[in-house]
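Student: I've got a structure open in front of me and I'd like to learn how to read it. Could you walk me through some helix packing?

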Amino acid sequence: MAEGAETIFRDGRMNRYLKVLGIFWSTSIAAEMEYRLNFWLAALTSICNFIGSIFGLFLFYRTGYTFAGWRWEEALIVLGVFTLLEGFSSTLLAPNLSKIVQHIQQGTLDFVLLRPINSQFWLSTHTFSPWGIPDLLLGGILIGYAGARLGLPLINYGMSALPLLFGCMILYSLWFILGATSIWFVKIYNVTEVLKGLIEAGRFPMVAYPATYRFFFTFVIPVAFLTTIPAEAMLGRSQFIWTIGAGFLAGALLLASRWFWQFALRFYTSASS
Amino acid sequence: MHQPLRVIRTLLSVQYAYMLEYRAELLLWVLAGVLPFILMGAWMQAAQGGQFGLTPLEFARYFLATFIARQFSIVWVIWEFEREVVEGKLSPRLLQPIDPGWYHFTSHISERVARLPFAIALVIIFFLIYPQAFWIPSLQGSLLFTLSVLLAFGLRFIMQYTFAMFAFWIERARAIEEFWFLLYLFLSGLIAPLELFPPVVREIVLWTPFPYMIHFPAALLVGIPVDVGRSLFVIFLWSSAFLVLNRWLWRKGLKQYSGMGA
């Protein structure tokens, strides 16, 4: 969280926040471990989803068609990045941010606001769900496999770390901003479903789409920054300007999410008073 | 004879009023179903080369048709039923002189009616943006489409309601549905028309219930040739198999049921 780190963890409180994070996550893992069967079901579901995703991509490449400038293995890398992001959102984003609505509906947001800790930090990190781990593993395996087939040097994986981080930040910020709108519209469970639906476009590199789609998914809903740009960095063919652009966008959206939350809180009238 | 009709009419109107309260939610649900439009873009771009046997225009129509077909076959009964069993809310329903299945069934039908205006609006917007794609389906195609979406909804409902019965024995019956949904997602023709599947895969998939929920109605609407007789036969087979299983599990499950207050 490069720039965001400074704003969220101000003046040496970082240690305290890290300690709190450790407590949050160990308790939530302990709680989830009660449902071990569910974990295996989730793993099975992830594997099937993974096979299905590859099958969906294969349908394009089956007859010799290729996305302009993307070989099969290269398109697999995009899918791998997409799977990683899916894992990220089901370990951290979905379990936390989908509860904002609940807190507002039931008025339990009061208790969050009373704690001596940044409320955005609390809402965004308090649950760690191991259910996304299979996706993270599968995404990693797919990238490793495709990367080995393409003979990518190790440094390339490192090159993609930064754009990947920016992608996660962008996704988080958009999701959080949408979640925060529930302060006004209490019954807004589905707004994040719309976001999730749009992000599906990240399964394929942007060139797979017609020009209007590309414009929309770059400048309106920045899906291009989530999967295509990290994948290009990994393939060693991204222009540096795009990474910088992604960094700016990520920083700006993170600040926007923070500002928006402060703004939204002014309109919060608890459920009981 | 009049009694059941009156009951059904009352249930429908109550549920419809209830659904109207959630209009904003419904709009968002319709918007969340944009997947067909995303895939439409990718496939239209791919079809430029002409090696897929369908033109970009045919892809556009096919995916629009999948969007419409999907609006009719959205089912969530397992989430409601599971909650009712776990929280014991099924008990008061059992006292009513009507099978609880009807309650869920009418709730889905009413939601469909409440959802329709949003879906129609989206279709109109689509044609305004992309008027070349406009087409008028044949009369026969439209009639068969209407029949097929009704059957598709029935099949999907009875399948999910059958899985819901497992809530009597396990805590999270919806995990079964979540798994089943993946098969539905990839095999129903939602991600690509079945014509593009490798022939062996297609032959196998045609014996599963999945393509009859999306691909079959969509193909009828667009005018892609399908074997109507065989399709209806497969739908009938799966629907009756699940119906029998459902009633059997219901009877077994009620004996098992010990929800709060039961």
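**Reading helices and their neighbours**

Tutor: Let's start with a pair in chain B: α5(B) and α8(B) are roughly parallel to each other, a call that follows from their packing angle. Keep in mind as we go that this is a predicted model.

Student: At what angle do helix α5 and helix α8 of chain B pack, and how far apart are their axes?

Tutor: Helix α5 (residues 77–87) of chain B packs on helix α8 (residues 139–164) of chain B at about 25°, and their axes are 9 Å apart. Angles under 35 degrees count as roughly parallel, so that is the label for α5(B) and α8(B). The crossing also has a hand: α5(B) passes α8(B) in a right-handed one.

Student: Which residues of α5(B) and α8(B) meet?

Tutor: From α5(B) you have B:Val77, B:Ile78, B:Phe81 and B:Glu82. Across from them, α8(B) brings B:Phe157, B:Gln160, B:Tyr161, B:Phe163 and B:Ala164. Sort the residues of that contact by class and you get seven nonpolar, one polar and one charged.

Student: Now α8(B) and α12(B). Is their crossing left-handed or right-handed?

Tutor: Left-handed. Here α8(B) packs with helix α12 (residues 228–256) of chain B at about 30°, again with axes 9 Å apart. That angle makes α8(B) roughly parallel to α12(B).

Student: What residues should I click on for α8(B) and α12(B)?

Tutor: On the α8(B) side, try B:Leu144, B:Leu151, B:Gly154, B:Leu155, B:Ile158, B:Met159, B:Tyr161 and B:Thr162. Their partners in α12(B) include B:Val228, B:Ile235, B:Trp238, B:Phe242 and B:Leu249. The class count for this contact is 13 nonpolar, four polar and no charged residues. Notice B:Tyr161: it is among the residues that meet α12(B), and it is also among those that meet α5(B).

Student: How would I spot helices that run in opposite directions?

Tutor: Look at the angle between their N-to-C directions; over 145 degrees counts as roughly antiparallel. Helix α4 (residues 56–72) of chain B and α7(B) pack at about 170°, with axes 10 Å apart. That makes α4(B) roughly antiparallel to α7(B). In this contact B:Leu64, B:Ile68, B:Gln71 and B:Phe72 of α4(B) meet B:Arg112, B:Arg115, B:Ala119, B:Val123 and B:Phe126 of α7(B). By class that is six nonpolar, one polar and two charged residues.

Student: Let's stay in α7(B). Is B:Phe105 buried or exposed?

Tutor: Buried, because it has 21 C-beta neighbours inside 10 Å, and 20 or more is the cut-off. B:Phe105 sits in helix α7 (residues 100–129) of chain B. B:Ser107 is found in α7 of chain B too, and its 20 C-beta neighbours inside 10 Å make it count as buried.

Student: What about residues far off in sequence? How far is B:Ser107 from B:Met19?

Tutor: Their C-alpha atoms are separated by 8.3 Å, though B:Ser107 and B:Met19 are 88 residues apart along the chain. For B:Phe105 and B:Met213, which are 108 residues apart along the chain, the C-alpha separation is 17 Å.

Student: And chain A? Which residues of helix α5 of chain A are buried?

Tutor: In helix α5 (residues 99–106) of chain A, they are A:Ile100, A:Val101 and A:Ile104. They cover an arc of only 100° around the axis, so they lie on the same side of α5(A). The face turned away from that buried side carries the exposed residues A:Gln102 and A:Gln106.

Student: What do the buried residues of α5(A) pack against?

Tutor: Four helices of chain A: α4 (72–97), α6 (109–114), α7 (119–125) and α9 (154–180). Just after α5(A), have a look at A:Gly107, which takes a positive phi of about 75°.

Student: Is A:Gly158 buried or exposed?

Tutor: Exposed, because A:Gly158 has 11 C-beta neighbours inside 10 Å. A:Gly158 is found in helix α9 of chain A. Its C-alpha atom is 7.8 Å from that of A:Met234, 76 residues away along the chain.

Student: Last one: how many residues does each chain give to the contact between chain A and chain B?

Tutor: Chain B gives 29 residues and chain A gives 29 residues. On the chain B side, the elements that give two or more are α2 (23–32), α3 (35–47) and α9 (174–187). α3(B) gives the most, with seven residues. By class, that side of chain B has 21 nonpolar, five polar and three charged residues.

Notes: Residues numbered from 1 in each chain as written. Chains lettered and ligands numbered in written order. Predicted model: local features only at pLDDT ≥ 70, side-chain atom pairs only at ≥ 80, totals over all residues. Buried ≥ 20, exposed ≤ 12 C-beta atoms within 10 Å, placed from the backbone. Arc of directions from axis to C-beta. Contact = placed C-beta atoms within 7 Å. Nonpolar A, V, L, I, M, F, W, Y, C, P; charged D, E, K, R; others polar. Axes fitted to C-alpha atoms, helices over the stretch in contact; angles between N-to-C directions. Parallel < 35°, antiparallel > 145°, perpendicular 65-115°, else oblique. Left-handed = near helix turned anticlockwise from the far one by under 90°.
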